[in-house]
Every structure is written in structure tokens, then in C-alpha cells.
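Q: Can you walk me through this model? I'd like to hear about helix packing first, then the interface.
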Amino acid sequence: MNTEETVIGILAKIAEVDVSEIKLEMELVAGLGIDSPKALQLLFELEEALKIEISDEQAAQMETVADILKLVTNEKIA
Amino acid sequence: MPDERKPSFKAHLLAILLRSIIRLLYASWSIEIVSGQARFSELQSNVKPVLLCFWHNRMFFFSRFLEEEFVDRGMKLTQMSSQSQDGDIGMIMAKMAGAHVVRGSSNRGGAQGLRNLLRAVLRENSSTILLPDGSQGPIYKAKAGSIVLAQLAQVPLYPMSYSTEKCWRVASWDKIIIPKPFAKVLIKFGDPFEVPRKLEGEQLEEYRIKLENTLNELGME
């Protein structure tokens, strides 16, 4: 499973939607209903699954699915 | 996760001094568990992670109480210390007491701190200390983070508090309580409760209020 599939899979599980419903341009809060508890779970599961560390400053910049992918891809490369 | 900034020498000295003062005072206090004795015994023999909750201004006394009654008896305990210089002192003292520390607060690195606490519970089977009005208040107002942690970790919250008639109050936002020498300290353990994984609508707020009210009732003097 590549990074994108992992991220989409985690998002789908937490947002309780099918993987096929998730689009890159979707907003996390308005589009997927990621509230504070879900955001904490999302960040935790991303860190665990991808073995990366996400700072609060980076987390605050995540507004869309694409933002997450961009961030975790950069973190994986770094 | 490792903290990159090293505490200053001064922070180490202050931590040693403060710890010595607390130990000296603790030896003089008359301590009684006036409510929730069964909960206390349960915690002493418990091997599963729990979330120990009390107000920030009770930390002075509870830091020693938790060390003597729980950590020294084998409880693995993790606490969050803020990333300030005061937090450095708290971190050093906690480590000297045998506890584990993650850095963060509600104001700086809070979410990351909560994730590290969650990791401690789920991956390391550690109980944690939660100070629901920390690290900057307002006093006696629980933040939602404690409830969210209980929700995600699926471990019970154990509210606890104490009261004492003879004490000093530090002029800080939380009015830290320092029982005077030979003071009687009356400890109360509330009923533990769990937070369901799935919460609907206002339920998160309802649990937050439940925790806040319970801690305030337990701490009434």
C-alpha cells in the first residue's frame, strides 16, 4: 500500500465514508466532518502508520485532503 | 518523542530543591482518604492504564502522593509538561519520581502533547496524569482534551481531589495549594467513568461538564 492509499484509507475510516468518496480537493472539516476528536485521531494514525512526526503548526495548515498528502509526502522524503 | 531543547542547569537545581521541600512537607502531613477508598485500592493493584484527573493547583501534593502510592508500587505513569521553563522543572521532577513525560500544553503543542499521551496509553500501556484546567486555565474549567483522550484511548477517567484547611495559596493563575506543615489532607476519589468511542452532538460537552462538576464537588472544602 503506498502513502496515498494509506492516507485515504485512514481518512475514510475516521470520516466513516467509502474510500471512493474521498477527493483530493475535499475540505477536512466541511467535506469530511473531521472535528477536533477526529483530527486528533487522524494525526495520531497518520504518525503511527507512516512513521512520521507532525507538528501542531503543520497540522494547522491541513485544510484539504491534498494538503495532508503534500505534507506527509514531504515528511516521508525528509 | 524526544524533546530537543535541554532544560537549564537552573531548572535542574530548582527541581531538586522543590522536590526536597515537597518530600519534607509530605512527611509532616496527616493524610486520609475520606471518600473512594475502594477506588484507591483498585488503582493500587490495577495494571490496566487509567487517566488520573485532578485540577492543576493540586499538583504540588499529588506529585508526591502518586509517586509513593502508585509509581513506587509499579504503576507506569506518564504526564504532560508544558514546553515552558516551568514545564522543564515539572518534567525533571516527574522523571525523578519515576514517571514518564511528554511535552506539550493546551497553549503550545497541545494537540501533539495529547497525541503523545495517547501513544503512551495505547502503545506503552501507561496510565497518565491529566490536569483538565492546565496549563494556563481558566482555573477549575475543564478543557475538552481530557475527554477526547479518554474517548480515543478507551480507558477510564479517575477524578480525584483533596481539601485541606491549613494551606498557602501561590499567587499564580491556578492559586496552587500548598498544605502547611502538619496539615490534615483529606483525599477524595470520585467514581471513574468511560467515554464512548462514538459521541453524538453535544455529548462531548456533556462529558466535559461531568468531569468539571465532579472535580469541583470532590475539591469542595
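A: Sure. H1(B) and H3(B) are roughly perpendicular to each other (that label covers angles of 65 to 115 degrees). Helices here are DSSP runs of H or I, at least four residues, numbered from the N terminus. This is a predicted model, where local features need pLDDT of at least 70, side-chain atom pairs count only at pLDDT 80 or more, and totals for chains, interfaces and linings use all residues. Residues are numbered from 1 along each chain as its sequence is written, chains are lettered from A in the order in which they are written, and side-chain values use heavy atoms, leaving out hydrogens and water.

Q: What kinds of residues make up the contact of H1(B) with H3(B)?
A: They divide into seven nonpolar, one polar and six charged. Tyr counts as nonpolar and Gly as polar, while Asp, Glu, Lys and Arg are the charged ones.

Q: OK, switching topic: how much do chain B and chain A bury between them?
A: About 1,400 Å², with 54% of it on carbon and sulfur atoms. That's the accessible area (1.4 Å probe) lost on being put together, summed over both.

Q: Which residues in chain B lose the most area to chain A?
A: Gln112(B), Arg115(B) and Arg119(B), together 37% of what that side buries.

Q: And how many salt bridges are there across the interface?
A: The rule finds six, needing a side-chain nitrogen of Lys or Arg within 4 Å of a carboxyl oxygen of Asp or Glu. One pairs Glu47(A) with Arg119(B), whose closest N and O atoms are 2.7 Å apart.

Terms used
Angles under 35 degrees count as roughly parallel, over 145 as roughly antiparallel, 65 to 115 as roughly perpendicular and the rest as oblique. Helices (H or I, at least four residues) and strands (E, at least two) are DSSP runs, numbered from the N terminus. Buried area is the accessible area (1.4 Å probe) that two parts lose on being put together, summed over both.
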